[in-house]
Amino acid sequence: MQSERVLEIFKEITCIPRESGHEGPITDWLCDWASDHSLQFKRDATGNVLIIREAAPGKENVPTIVLQAHQDMVCEKVAGFPFDFRRDPIPYVIKDGWMIAENTTLGADDGIGIAACLGLLEDTAPTGKIECLFTISEETGMDGAEALEPGFFDGKTLINLDSEDEGQLFIGCAGGLNTNIKFKVRRTELPEGFKLLKCTIAGGIGGHSGDDINKGRANAVQLLSRFLYGQLGDGFRLISIDGGGKPNAIARECQAIVAVPKPDTLRNAFTDFATDILEEFHATDPGLTFECTPATSELGALGKNAGEKIITSLFTAPHGVKAMSQDIPGLVQTSTNLASVRTGKSVVEIVTSQRSSSKSERRAMAAKVRANFEVAGAVVKHMYEYPGWNPNVNSHVLKRTVEAYRKLFSTEPEVKAIHAGLECGLFLQKFPGLDMISFGPTLRGVHAPGEKLELASMDKFVALLDEVVRNFE
Ligand SMILES: [Zn+2]
């Protein structure tokens with residue numbers, strides 16, 4: 001299989017619409033491609049496609065390899081750029097060794113994976129049986145992988161072609177779930193003489209709750225709860241606390257409206273607190289801001305007891321890294337994110353999310369979060385759980401791939417896992433014991449206009465895949 005040929009196929013793919021949720025054109029194209037090449041194929045009700053090439057004579061005893069890529073792409077363009085992802089071919093240029101879509105996403109994530117599969121299928125080198133699996137809607141919730149029927153493919157070895165850094169081999173990912181908390185609250189009259197203040201912490205760096213959870217960054221919800229916990233007592237009533245955003249983001253800002261009889265005392269304490277926190281986070285979050293101003297609110301105050309329970313449980317809620325991998329240096333194994341808090345008239349809602357490549361650790365972490373809030377009287381629900389892929393450093397396909405890499409490039413690949421989700425976790429759930437690896441060429445700026453593919457890395461990626469598949473046993 002030649003890299004030039006794979007690139008040619010990819011260029012054809014850039015002309016076929018394949019927005020997540022609207023993969024019809026690419027799904028049809030893949031089925032037609034299989035027919036044209038006299039290859040068996042099947043398509044399930046969801047739109048997942050499997051193209052099969054039987055073993056070459058003499059290769060019948062070689063274990064079947066499943067090659068996998070996703071059909072869909074993220075469709076983003078520069079504001080105002082006249083372009084219709086449901087119709088138009090992706091405009092790209094080749095510049096300084098990169099293939100770039102300047103005004104749109106390129107869709108090399110994961111069009112390159114598809115192209116590499118087809119390149120291998122049309123190649124004449126004899127191999128064992130190959131099954132190419134093309135899933136749908138990976139980018140919007142892994143719907144294809146989720147809906148995959150057990151038994152859709154036969155192979156016990158799977159190579160996922162949806163990674164973005166040549167020279168890195170991925171052998172694990174985290175699973176996750178959300179744990180959502182609800183406090184039902186009643187409003188009461190403010191005691192005589194209390195004044196309202198709004199305290200705001202903003203300007204945190206934030207980041208992704210998987211990739212960035214080990215960077216020690218400030219969580220604004222956690223920090224503001226910590227401050228307010230120090231103020232609890234007879235002279236304190238909570239009106240509202242609101243902060244954070246998506247479940248998979250670290251909270252960058254949080255604000256609370258509180259009522260106190262002596263606003264100056266609280267304001268001074270907040271100033272001192274700000275000094276301490278800026279010192280604690282001088283390296284990670286130098287842009288943190290702290291503001292405390294007079295406020296008004298339509299809502300009455302929460303009862304003293306209710307306000308204390310909410311602030312205390314937010315303060316004691318776990319956040320951050322719980323455990324590092326014992327197999328892969330530097331990999332976060334288990335973490336939790338105190339993502340957001342929102343106050344309504346009669347309810348305070350808190351969203352948290354837990355991740356781990358280990359199911360038992362993930363569930364233990366979620367149970368700990370549950371216990372933390374249940375003891376304070378909240379109703380807690382776990383939801384949206386998806387499975388992880390626990391790294392197996394003794395994996396056969398890993399061993400074969402590392403050997404191929406050394407032979408081809410005389411250097412060591414990096415073996416890694418990620419603390420975020422991949423389709424592989426779902427495959428493992430449906431096909432227990434599946435031996436998997438993930439690798440790909442170097443892509444930059446994926447999911448945004450300007451996405452680009454490094455052509456030199458493409459040559460190495462194609463050579464590696466070819467070497468692994470041709471010599472697999
Ligand atoms: Zn992808």
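**Two unusual backbone sites, three helix pairs and two domains**

In this predicted model, Asp-96 sits in the loop that runs between strand E4 (93–95) and strand E5 (98–100). The backbone of Asp-96 has a positive phi of about 50°, although Asp-96 is not a glycine. A second backbone feature involves Asp-109 and Asp-110, which are joined by a cis peptide bond with omega of about 10°. Of these two residues, Asp-110 belongs to helix H3, which covers residues 108–122.

Helix H3 leads to the question of helix packing. Two packed helices are described by the angle between their axes and by the distance between the axes. For helix H2 (residues 24–36) and H3, the angle is about 10° and the axes are 12 Å apart. An angle under 35 degrees counts as roughly parallel, so H2 is roughly parallel to H3. On the H2 side the contact uses Trp-29, Leu-30 and Trp-33, and these meet Ile-114, Leu-118, Leu-121 and Glu-122 of H3. By class, the contact of H2 with H3 has six nonpolar residues, no polar residue and one charged residue.

The next pair is helix H5 (residues 220–229) with helix H6 (residues 263–280), whose axes are 11 Å apart and make an angle of about 135°. With that angle, H5 is oblique to H6. The crossing of H5 past H6 is right-handed. From H5, the residues in contact are Leu-223, Leu-224, Arg-226 and Phe-227, while H6 supplies Leu-266, Ala-269, Phe-270, Phe-273, Ile-277 and Glu-280. The contact of H5 with H6 divides into eight nonpolar, no polar and two charged residues.

The third pair is formed by helix H9 (residues 396–409) and helix H11 (residues 455–470), packed at an angle of about 125° with their axes 9 Å apart. The angle makes H9 oblique to H11. H9 and H11 also cross in a right-handed sense. In H9, the residues Arg-400, Thr-401, Ala-404, Tyr-405, Lys-407, Leu-408 and Phe-409 take part, and they meet Lys-460, Ala-463, Leu-464, Glu-467 and Val-468 in H11. The residues of the contact of H9 with H11 comprise seven nonpolar, one polar and four charged.

The remaining step is the division of the chain into domains. Domain 1 is made of two stretches, 3–174 and 389–470, and domain 2 spans 176–386. The centres of domain 1 and domain 2, taken over C-alpha atoms, are separated by 40 Å. Contact between the domains involves 14 residues from domain 1 and 17 residues from domain 2. The size of an interface is often given as the accessible area lost when the parts come together. Between domain 1 and domain 2 the buried area is about 1,000 Å², and carbon and sulfur atoms give 64% of that area.

Terms used:
Residues are numbered from 1 along each chain as its sequence is written. This is a predicted model: local features need pLDDT of at least 70, side-chain atom pairs count only at pLDDT 80 or more; totals for chains, interfaces and linings use all residues. Side-chain values use heavy atoms; hydrogens and water are left out. Axes are lines fitted to C-alpha atoms, for helices over the stretch in contact, and angles run from 0 to 180 degrees between N-to-C directions. Helices (H or I, at least four residues) and strands (E, at least two) are DSSP runs, numbered from the N terminus. Angles under 35 degrees count as roughly parallel, over 145 as roughly antiparallel, 65 to 115 as roughly perpendicular and the rest as oblique. A crossing is left-handed if the near helix is turned anticlockwise from the far one by less than a right angle, and right-handed if clockwise. Contact means heavy atoms within 4.5 Å. Ala, Val, Leu, Ile, Met, Phe, Trp, Tyr, Cys and Pro count as nonpolar, Asp, Glu, Lys and Arg as charged, and the others, Gly among them, as polar. Domain bounds come from an automatic or database domain assignment. Buried area is the accessible area (1.4 Å probe) that two parts lose on being put together, summed over both.
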